[in-house]
Amino acid sequence: MDKIVVQGGERLTGEVRISGAKNAALPIMAATLLTPGKFVLSNVPRLRDVVTMEHVLRVLGAQVEHHDHSITVDTTNCRYHEAPYELVKTMRASVCVLGPVLARQGRARVSLPGGCAWGPRPVDFHIKAMRDLGADIEFEHGYIVAEARRLRGATINFETSSVGATENAMMAASLADGKTVIQNAAREPEIGALADFLRSMGSNITGDGTGTITIEGADELHPADVRVIPDRIETGTFMAAAAITGGDILIMGGELDHCATVASKLKEAGVEIIPVEDGIRVRGPERIKSINVTTAPYPGFPTDMQAQIMAVMTIGQGSAVITDTIYTDRFSHVPELRRLGADITIDRNVAVISGVDHLSGAMVMATDLRASAALILAGLVAEGTTEVSRVYHIDRGYEAIEKKLSGLGAKIWRESEN
Ligand code: EPU
């Protein structure tokens, strides 16, 4: 197992290039299961979650090859319909094969994902969507067993906006008989990216980016090629890195529109954010001002940036209140940030961070992807050495983060843990 070692105190400067978005790539990979043929996906980040999804596609009968940041998927012989527990338990997003496999093959057996590091994360909305589309769903031995000779268009009303359930519904409805209307649909940029891909496959989808998405089901779809959009959470994480170190960096390929709320919050904290050609310039202030943040579905402040903004606030001037309304238990970074000297109290889903003058390096443990990113950010400014262990979490969602940060002047490297 590897650990990441950071020697704090360097102000970041220079240029960094943003990779393709994990959370756009995963559902797009699942969407290739909708129809037989060969697809080329480019700008796909090389991440552990992407490799897991490649395995999921393979067990369903697809041939998958990757060359650098491109993936070729051939779904001609996809005749299996089971996504096994061994894969789904390691990556919850595997559940997004449910819709496409069911729509194309008339049946799907997908393991229930179980809990994750910060709580139960149910899949009831995914199941409701498939039932609304006419599927017969049973639960057997920990699996969702779904059947429908042909799905039929329906109105699907989600009580809470869900990215994954909206994606599953969009994919399944693309091959359903008739019209589907998804109400209270998620509006994240990854939904728009999936809608663009489905349209290029022949699906008739409108309304993505709003709360109501309409899909006229098609009798058949065809393969298409796609370039994955830039990762807005990686972009936000590098913005936070510039902010916390008082640095001045160019984030190339980052889409500022997709990070507007993060950018406006960082501006409130005294960070300068300047759009430049093909990127974003971010300059941190001498001392961060403490600000309050509440997570919300897009275009609100993303839960996937909650841990990183908290790391920035640990050295803020004043007190910050951070509330996570999406995942109320997603605070595993808090005890570890405290080990670095942060002053944080928690009451249910509300954290109060009283800014301290400095952090001090320590051994800490990552317990989920975004928590790992927060600990690395804190390590960039902590006095002395910070060692972040269990970095396999970070490899799920950040491509070579230590190389990108050392390219900006940080003293950071990877070591194998004995
Ligand atoms: N929810 C349910 N039932 C469901 C589905 C969701 O109650 O069937 C609840 C969740 O527990 C949560 C809320 O609805 O409280 C929203 O969850 P959502 O379904 O939108 O999350 P997701 O699709 O499972 C995606 C990202 C997550 C990100 C969330 C929220 C992917 C592959 N994952 O998850 O990304 O946190 O949206 O924005 O797109 C990450 O990248 O670190 C990550 C966890």
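Of the 418 residues of the protein chain, 57% count as buried, where buried means under 20% relative accessible area, exposed means over 50%, and partly exposed lies in between, with a 1.4 Å probe and protein chains only. The model on screen is predicted, so local features are given at pLDDT of at least 70 and side-chain atom pairs at pLDDT 80 or more, while totals for chains, interfaces and linings use all residues. Residues are numbered from 1 along each chain as its sequence is written, and side-chain values use heavy atoms, with hydrogens and water left out.

**The whole chain**

Start with the full chain in a cartoon view, which holds 14 helices and 24 strands; helices (H or I, at least four residues) and strands (E, at least two) are DSSP runs numbered from the N terminus. The radius of gyration is 21 Å, close to the 22 Å that the globule rule gives for 418 residues, so the chain is as compact as a globular protein of that length; the radius is taken over C-alpha atoms, and the rule is 2.2 Å times the number of residues to the power 0.38. Along its principal axes the C-alpha trace spans about 65 × 45 × 40 Å.

Among contacts with a separation of 6 or more, 73% are accounted for by residues 24 or more positions apart, a contact meaning heavy atoms within 4.5 Å. With the surface switched on, the accessible area comes to about 16,200 Å², and 46% of this area belongs to carbon and sulfur atoms; such areas come from the Shrake-Rupley method with a 1.4 Å probe, and for residues only the protein chains shown count as cover.

**Helix α12 and the loop residue Gly-361**

Select residues 369-381 next: this is helix α12, and 12 of its 13 residues are buried, so the helix is largely enclosed by the rest of the structure. The buried residues include Leu-369, Arg-370, Ser-372 and Leu-380. At the N-terminal end, add Asp-368, which caps α12 through a side-chain oxygen that lies 3.0 Å from the backbone nitrogen of Arg-370; a polar contact is a pair of N or O atoms within 3.5 Å, and within protein one must be able to donate a hydrogen and the other to accept it, residues adjacent in sequence counting only if both atoms are side-chain atoms.

From Leu-380, move to Gly-361, which is 19 residues away in sequence and 9.1 Å away in space, C-alpha to C-alpha. Gly-361 sits in the loop between β21 (350-354) and β22 (363-365), and is partly exposed at 25% relative accessibility. Leaving out residues up to four places away in sequence, Gly-361 touches Leu-340, Ala-382, Glu-383, Thr-385 and Thr-386.

**Arg-390 and Tyr-392**

Continue to Arg-390, in the loop between β23 (385-389) and α13, where phi is near 55°, a positive value in a residue other than glycine. Arg-390 counts as partly exposed, at 32% relative accessibility.

Tyr-392 belongs to helix α13 (residues 392-397) and is likewise partly exposed, at 31%. Which residues does Tyr-392 contact, leaving aside its neighbours within four places in sequence? They are Met-1 and Arg-48, and the C-alpha atom of Arg-48 is separated from that of Tyr-392 by 8.2 Å, although the two residues are 344 apart along the chain.

**Lys-265 and the cis peptide bond**

Now select Lys-265 in helix α9 (residues 260-268), and show a polar atom of its side chain, which lies 2.8 Å from the backbone oxygen of Asn-292. Beyond residues up to four places away in sequence, Lys-265 touches Ile-291, Asn-292, Val-293 and Phe-301. Then pick Tyr-298 and Pro-299, which are joined by a cis peptide bond with omega about 10°; Pro-299 is in the loop between β18 (293-294) and α10 (306-313).

**Helix α5 and His-141**

For the last stop, select helix α5 (residues 124-132), whose buried residues are Phe-125, His-126, Ile-127, Ala-129 and Met-130. These buried residues pack against α4 (98-105), β8 (136-140), β9 (143-147), β10 (155-157) and α6 (163-173). Just after α5 comes Gly-134, with a positive phi of about 100°.

In the loop between β8 and β9, finish at His-141, where phi is near 50°, a positive value in a residue other than glycine. Is His-141 buried or exposed? At 74% relative accessibility, His-141 counts as exposed.
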